[in-house]
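Q: When I look at a protein model, how should I read the empty spaces that a program reports inside it?
A: Let us take the spaces one at a time, beginning with what surrounds them.
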Amino acid sequence: MEWIEIAKDLNAGTIGGVAGIVAGHPLDTIKVKLQTQCHTSSHGILSSVRTIAASEGFRGFYKGMLSPILSNAPINAVVFAIYGQVSRVFLQDKKELTPGEQFIAGAAAGLFQVSFAAPAELVKITMQVNKYPASYSSISCMKDIIKSQGVKGLYRGWQLNMLRDVPAFGSYFYSYEVIKHWLTNGEQDKETTMNLLLAGGSAGSISWMVTQPIDVVKTLVQSQPASSKLSSLDVVKHHYKLEGAGFLFRGFGATILRAFPVSAVTFLVYERSMQYMNVDFDYLTNVETQ
């Protein structure tokens, strides 16, 4: 039954996504700090770690995590459900998707999740680049944005989310399927934990390599004060004048360091959750038909 497959994608995607966020949020905080630092700053990953630890303590690495976790349910539910559904449409009577179909299915998933991801990322970035009291939560931040700017304030820079996420998710799922097939030779019994971690981590790293420049611009735009009148193009021109094209690769090391474990954990947990649910649903189906 089709609804069962969609339900499994929704549940497994949510569980995998939450696991990935918890695994990678500290490095995400470092990435955002590096991308938004003053152009004269020479902070690297290690110096950023020391600065955050000294000024904010361990909790500083997890600032803003509530926002992506709360939004992760609809985001990853949409991502994996759309990818699964589009894949099933392409499959029909075939055994496997072509590379182009894998990319299209992933890109479609990326497009549909933007409406959830854009506000969540805006809140997360706002929390990460500003110093708020420990009691100030992501929900408080979201309420303040809505109060001062309206709901549309949560969608500042959403176009950049879309420009980043469509190719990112296309390459993400395409890379994962290709690498997993290469590691396992298409045999399910070879889908070991290590192979799934390697496939997922590699796919995440590749997708971020593709979209790093647009992610930097997005972060800079979404971290601006609400009163700023600078457009995305103005932001690019401003930073290019100060730093040259190199600004587009700010925080690249932290981005890749974060991408590998996040995607590795996400896909591993997703795959294992799907396997677990397949057993349960098969059991229930057999019981119902007896």
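Q: Which residues lie nearest the centre of the largest cavity?
A: In this predicted model, the largest cavity has a lining of 37 residues, and Glu121, Phe169, Trp208, Arg258 and Val262 are those nearest its centre. A cavity is a space where a 1.4 Å probe fits but cannot get out, and the structure holds one such space of 30 Å³ or more, with a volume of about 700 Å³.

Q: Which helix gives the most to the lining of the largest cavity?
A: That is α1, which gives eight residues, although at least two residues each come from α1 (2-36), α3 (66-91), α5 (114-129), α7 (158-184), α8 (193-222) and α10 (252-289). Sorted by class, this lining has 15 nonpolar, 13 polar and nine charged residues.

Q: How does one read a pocket, and what volume does the largest pocket have?
A: A pocket, in contrast to a cavity, is an open set of points; here the largest pocket holds about 990 Å³ of space. Its lining consists of 32 residues, with Leu91, Glu177, Lys180, Glu191 and Glu271 nearest the centre.

Q: Where does the largest share of the lining of the largest pocket come from?
A: The largest share comes from α7, with seven residues, while α1, α3, α4 (99-112), α7 and α10 each supply at least two residues of this lining.

Q: How many residues of each class does the lining of the largest pocket have?
A: The lining of the largest pocket divides into eleven nonpolar, ten polar and eleven charged residues.

Key. Residues are numbered from 1 along each chain as its sequence is written. This is a predicted model: local features need pLDDT of at least 70, side-chain atom pairs count only at pLDDT 80 or more; totals for chains, interfaces and linings use all residues. Side-chain values use heavy atoms; hydrogens and water are left out. On a 1 Å grid over the protein atoms alone, a cavity is a set of points where a 1.4 Å probe fits but cannot get out, and a pocket is an open set with protein on both sides within 12 Å along at least five of seven lines; lining residues have an atom within 4 Å of a point. Grid points are joined across faces, edges and corners, and a volume is the space filled by probe spheres set on the points. Helices (H or I, at least four residues) and strands (E, at least two) are DSSP runs, numbered from the N terminus. Ala, Val, Leu, Ile, Met, Phe, Trp, Tyr, Cys and Pro count as nonpolar, Asp, Glu, Lys and Arg as charged, and the others, Gly among them, as polar.
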